[in-house]
Amino acid sequence: MLTEHKNILTGQGADSDESAPCFCVEVEMAVTKILARHARLDLGIKYILNGDKTEGHTLTAHLNCDPGRECREMLDTKRAYGKTDGVQYYHVIQSFKPGEVTPELALEIAKAFAQEHLPGYETVIAVHVDRQHIHAHLIFNSVNADTGEKYHSNAQTYYSQIRATSDRLCREHGLSVIMAGQPSKAVSYVEWLRQSKGQPTFRDLLEADLRTAIEGANDLGHFYLLMEHMGYEIYHGNRLGFRLRGQDWFVYPGRKNGLFTEEGIRAAIEGNLTAIEAGLRPAAVRRPSYRPYRKHPKYTGLLALYVHYLYVLGKAGQRRYPPKVTPELRQEAAKAERYRAQLAFLRENEISTPEDMAAFEARAEDALAGLTKQRTILNVRKKKRKKLYDALADAEALAPAAQLYGDGLSGMEAEFARYMDAVSTLDGCTIPRERLMAEKADIYRQLAELNREIRAQRKKLALCREIQANLPRMEREINQIEPKEVRQDEHRRR
């Protein structure tokens, strides 16, 4: 069988660039990797000493430190030598091919490696058996407890010390040694997600996840929760934007596909996603509210002005009006639908005078203020729980990254640190996760509904202001046209 050794030469640890170089070597045994970490010591130690992964802590060992006090002793060493900054610890991972070694043998090899390569360094060792392949973890302090020197990892130390020691231990236990090697780069978590789901681009990955969330959501708020727990940040604006944590920009899928607008997503959740995508039904069905039949009254005021102006626009658009129609009027004729919508708005809300308009605006502003106040209250509740809500999302979204990190895949260091922070936060919370999840989904649902109503009120106010801005120009255009039409009619009668 082949063995692969990898060494990430970071002096930057979790904060290093995703494409930091690592040295990969094809061997006939395991994947061995050493990572420099700036993250908290307690998180790394807690991860590798997980009892569910180490058969109840039976597959663990300590070198130069005491069980239960390892983190405190490592920190005391750093303080004693005045070296508390920079790399906090190093993490060595050695993964074995299924059936190649027993857990006990893997622990024996890891202990022998630590005793020979890490004399004087406080080291915690654990063998994980929760996956198909057995893998050993070694976390050791970056500062030597005997000499106070800091450990340094580079290409020379890797090949001359780590690899040489590993090769010899492999031979002693009947395992093959390195055959050939070549440098490679780490894989970012976003890139791994895209490749693992078979999506050629990030947009394809996003749209596939959007469909998954739509199919699993109970309502729009639940949809947002599912997307967040898949690792996405959401931008709530005129268009919905999505990005994976760590990306610099948002993608707006609704620009190319109406299904992924807020209205399209809401309709798909309430309806049939398959039928919508097959074109058998629209993404968003707008049903006008029921209104009993009423005979149209005689138009007066603003309504009369709009009806008359639409008549003028209709004539101008058909080129049947007096020959000298202004260019501005022709442009307005091309946008006549907007004026028809404004007329329908005036008629629906029974606005015919400036006083009616002022009263409607006042009601809309009051409604908007009330809705904004409700949203502020919800946002305050959300802010109080932000740390827990973010931890819920990170624990769900980054669990695969934590597994990949445990398997020795490069590029998952930052995601693993965030995952461990999230797990630690949730473990310290007295609220059960199920209750916290339900509470978060309910707040997201209420916020989604309030945002929709706020946008509707703002559109009404914007329409009122647009109508009021249009009135003087509409009257001026009509006054410029009407005398010409009267003179032409009189000439025809003669």
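**Figure 1. Long-range contacts and overall make-up of the chain in the predicted model.** Among contacts between residues at least 6 apart in sequence, 72% join residues at least 24 apart. The model is a predicted one, and its chain has 17 helices and 10 strands. Of the 494 residues in the chain, 47% are buried. The accessible surface of the chain comes to about 25,700 Å², and carbon and sulfur atoms account for 50% of that surface.

**Figure 2. Strand S5 and its pairing with strand S7.** Strand S5, which spans residues 89-96, is mostly covered, with eight of its eight residues buried. In a regular strand the side chains alternate between the two faces of the sheet. In S5, Tyr 89, His 91, Ile 93 and Ser 95 point one way, whereas Tyr 90, Val 92, Gln 94 and Phe 96 point the other way, and all of these residues are buried. S5 pairs with S7 in the antiparallel sense, and the pairing runs over seven bridges; within it, Val 92 has Leu 138 of S7 as its bridge partner.

**Figure 3. An aromatic cluster formed by Tyr 90, Tyr 121, Phe 140 and Tyr 151.** A search of the whole structure finds 12 aromatic pairs. One of them joins Tyr 121 and Tyr 151 in an edge-to-face arrangement, with 5.7 Å from centre to centre and 85° between the planes. Tyr 121 lies in the loop between helix H3 (103-117) and strand S6 (123-128), and Tyr 151 in the loop between strand S7 (135-141) and helix H4 (155-172), so this pair ties together parts that are 30 residues apart in sequence. Both Tyr 121 and Tyr 151 are buried. The rings of Phe 140 and Tyr 151 have their centres 5.0 Å apart and their planes at 75°; because an angle over 60 degrees counts as edge-to-face, this pair is edge-to-face. Phe 140 belongs to strand S7 while Tyr 151 sits in the loop between S7 and H4, 11 residues apart, and the pair thereby links distant parts of the chain. Phe 140, like Tyr 151, is buried.

**Figure 4. The surroundings of Ser 142 in the loop between S7 and H4.** The relative accessibility of Ser 142 is 0%, so this residue counts as buried. The side chain of Ser 142 is joined to the side chain of Lys 78 by a polar contact of 2.8 Å, and the side chain of Ser 142 also reaches the backbone oxygen of Gln 88 at 3.2 Å. Leaving aside neighbours within four places in sequence, the residues in contact with Ser 142 are Lys 78, Val 87, Gln 88, Tyr 89, Tyr 90, Tyr 121, Glu 149, Lys 150 and Tyr 151. Among them, Tyr 90, Tyr 121 and Tyr 151 are members of the aromatic cluster shown in Figure 3.

**Figure 5. Leu 310 in helix H10 and the residues that it touches.** Leu 310 is found in helix H10, which comprises residues 301-317. With a relative accessible area of 15%, Leu 310 is buried, because the cut-off for a buried residue is under 20%. Not counting residues up to four places away in sequence, Leu 310 touches Ala 336, Tyr 339, Arg 340 and Leu 343. For one of these residues, Ala 336, the separation from Leu 310 is 26 residues in sequence and 7.1 Å in space, C-alpha to C-alpha.

Definitions and conventions: Residues are numbered from 1 along each chain as its sequence is written. This is a predicted model: local features need pLDDT of at least 70, side-chain atom pairs count only at pLDDT 80 or more; totals for chains, interfaces and linings use all residues. Side-chain values use heavy atoms; hydrogens and water are left out. Helices (H or I, at least four residues) and strands (E, at least two) are DSSP runs, numbered from the N terminus. Buried means under 20% relative accessible area, exposed over 50%, partly exposed in between (1.4 Å probe, protein chains only). Contact means heavy atoms within 4.5 Å. Rings of Phe, Tyr and Trp (its six-membered ring) pair if their centres lie within 6.5 Å; planes under 30 degrees apart count as stacked, over 60 as edge-to-face and the rest as tilted. A polar contact is a pair of N or O atoms within 3.5 Å; within protein, one must be able to donate a hydrogen and the other to accept it, and residues adjacent in sequence count only if both atoms are side-chain atoms. Two strands pair if DSSP finds at least two bridges between them. Accessible areas come from the Shrake-Rupley method with a 1.4 Å probe; for residues, only the protein chains shown count as cover.
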